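Here is a short tour of a protein chain for you to follow alongside the coordinates. Have your viewer ready, and let us start with a pair of strands.

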Amino acid sequence: MKILCLADIHGSNTVFSELLNLEAVYDAVFIAGDILIPHQEKSLAPLLVKVQKHLQVPIYLTPGNHDYWKKSLWAPYKQISPLIDETVEIRNGWKVFFTPWSTPFGNWNWMRPDKHFQEDFIYTIPDDVKIIVSHGPAFGFIDLVRFQHVGSVDLLNTIKRLPHLQYVLTGHIHGWEYDSIKEGNILFQNISCVNEDYLYKGQFITLELPD
């Protein structure tokens, strides 16, 4: 099973064009937030619809701190699923939890301090989840900004208690060149597709999962 993974499109025409140039060889698409540009959602959403029709697979997405759209934006498109602190099973027991939150940085959307994370995550993420798709990173894992860790401690603590978790896919931090960190049985992977100048990095991440 082949999953196309990305985050931080920020409405980039270049990124959408590159997506439309991909071969239709995927089984699903995961997007970890910052998809559109604030106040231009209605004009940009059709670009993602074109990508879905081109690739002919379901797209699962969660918003990021630059996303202000509501779920109703995607309601007409049955193959695009907006997920906010929700779990979906894509195939054969592969359960994926999607969450939009990041720790506070400026005056943006979908941000909250750690003390508000813990209870929600404990009761929302099932023990049998194998993949987390989060806009914000966990503390200490691909979360450095100006030499400071900006990830969520509570997300990290929640990750540690999930016995079947294998992948944590995050965006939000543009500066990392698709870095990944393996910690025990868990792969932490940055899937942001643009750099700090909001320019396309030149490739997307593909996740290969056993069927």
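## A starting point: β1 and β13

In this predicted model, strands β1 and β13 pair in the antiparallel sense, with four bridges between them. One position to look at is cysteine 5, which stands opposite isoleucine 205 in β13.

Which way do the side chains of β13 point? They alternate: Ile205 and Leu207 point to one face and are buried, while Thr206 and Glu208 point to the other face and are not buried. This fits a general pattern, as side chains in a regular strand alternate between the two faces of the sheet.

## The five-stranded sheet

The β1 and β13 pair belongs to an open sheet of five strands, ordered β4-β3-β2-β1-β13, with mixed pairing. Its edges are β4 (80-82) and β13 (205-208); each has a single partner strand, so one side of each is left without a neighbour in the sheet. On average, neighbouring strands of this sheet are turned by 20° against each other, with direction ignored.

On its other side, β1 (residues 2-6) is joined to strand β2 (residues 28-32) by four bridges, and these two strands run parallel. Here leucine 4 stands opposite valine 29 in β2. Strand β1 therefore takes part in both kinds of pairing, parallel with β2 and antiparallel with β13, and the pairing of the sheet is mixed. In general, strands of a sheet pair through backbone hydrogen bonds, either parallel or antiparallel.

## Two cysteines without a disulfide

How many disulfides does a search of the whole structure find? The count is zero. Cysteine 5 is in no disulfide, and the nearest cysteine sulfur, that of cysteine 193, is 12 Å away. Seen from the other end, cysteine 193 is in no disulfide either, with the sulfur of cysteine 5 as its nearest cysteine sulfur at 12 Å. A disulfide would need the two sulfur atoms within 2.5 Å.

Are these residues buried or exposed? Cysteine 5 has 0% relative accessibility and so counts as buried, the cut-off being under 20%. Cysteine 193 is also at 0% relative accessibility and counts as buried.

## The six-stranded sheet

Now for another sheet. Six strands form an open sheet in the order β5-β6-β7-β10-β12-β11, and here too the pairing is mixed. The edge strands are β5 (86-91) and β11 (180-183), each pairing on one side only. From one strand to the next, the twist averages 20°.

Strand β10 (residues 167-170) is a good place to zoom in. Tyr167 and Leu169 point one way from β10, Val168 and Thr170 point the other way, and all are buried. Strand β7 (residues 131-134) is joined to β10 by four bridges, and the two run parallel; valine 133 has leucine 169 in β10 as its bridge partner. Strands β10 and β12 also pair in the parallel sense, over four bridges, and the bridge partner of valine 168 is phenylalanine 188 in β12.

Moving on to the edge, four bridges join β11 to β12 (residues 186-190), and these strands run antiparallel. The bridge partner of glutamate 183 in β12 is isoleucine 186.

## A look at helix α1

Serine 17 lies in helix α1 (residues 13-20). With a relative accessibility of 39%, serine 17 counts as partly exposed. The C-alpha atoms of serine 17 and leucine 47 are separated by 9.0 Å, although these residues are 30 residues apart along the chain.

## The chain as a whole

Stepping back, the chain has four helices and 13 strands. Its radius of gyration is 16 Å, close to the 17 Å that the globule rule gives for 211 residues, so the chain is as compact as a globular protein of that length. Along the principal axes, the C-alpha atoms fill a box of roughly 40 × 40 × 30 Å.

Of the 211 residues, 53% are buried. Among contacts with a separation of 6 or more, 66% come from residues 24 or more positions apart. The accessible surface of the chain comes to about 9,800 Å², and 49% of this surface belongs to carbon and sulfur atoms.

Definitions and conventions: Residues are numbered from 1 along each chain as its sequence is written. This is a predicted model: local features need pLDDT of at least 70, side-chain atom pairs count only at pLDDT 80 or more; totals for chains, interfaces and linings use all residues. Side-chain values use heavy atoms; hydrogens and water are left out. Two strands pair if DSSP finds at least two bridges between them. Axes are lines fitted to C-alpha atoms, for helices over the stretch in contact, and angles run from 0 to 180 degrees between N-to-C directions. The radius of gyration is taken over C-alpha atoms; the globule rule is 2.2 Å times the number of residues to the power 0.38. Buried means under 20% relative accessible area, exposed over 50%, partly exposed in between (1.4 Å probe, protein chains only). Contact means heavy atoms within 4.5 Å. Accessible areas come from the Shrake-Rupley method with a 1.4 Å probe; for residues, only the protein chains shown count as cover.
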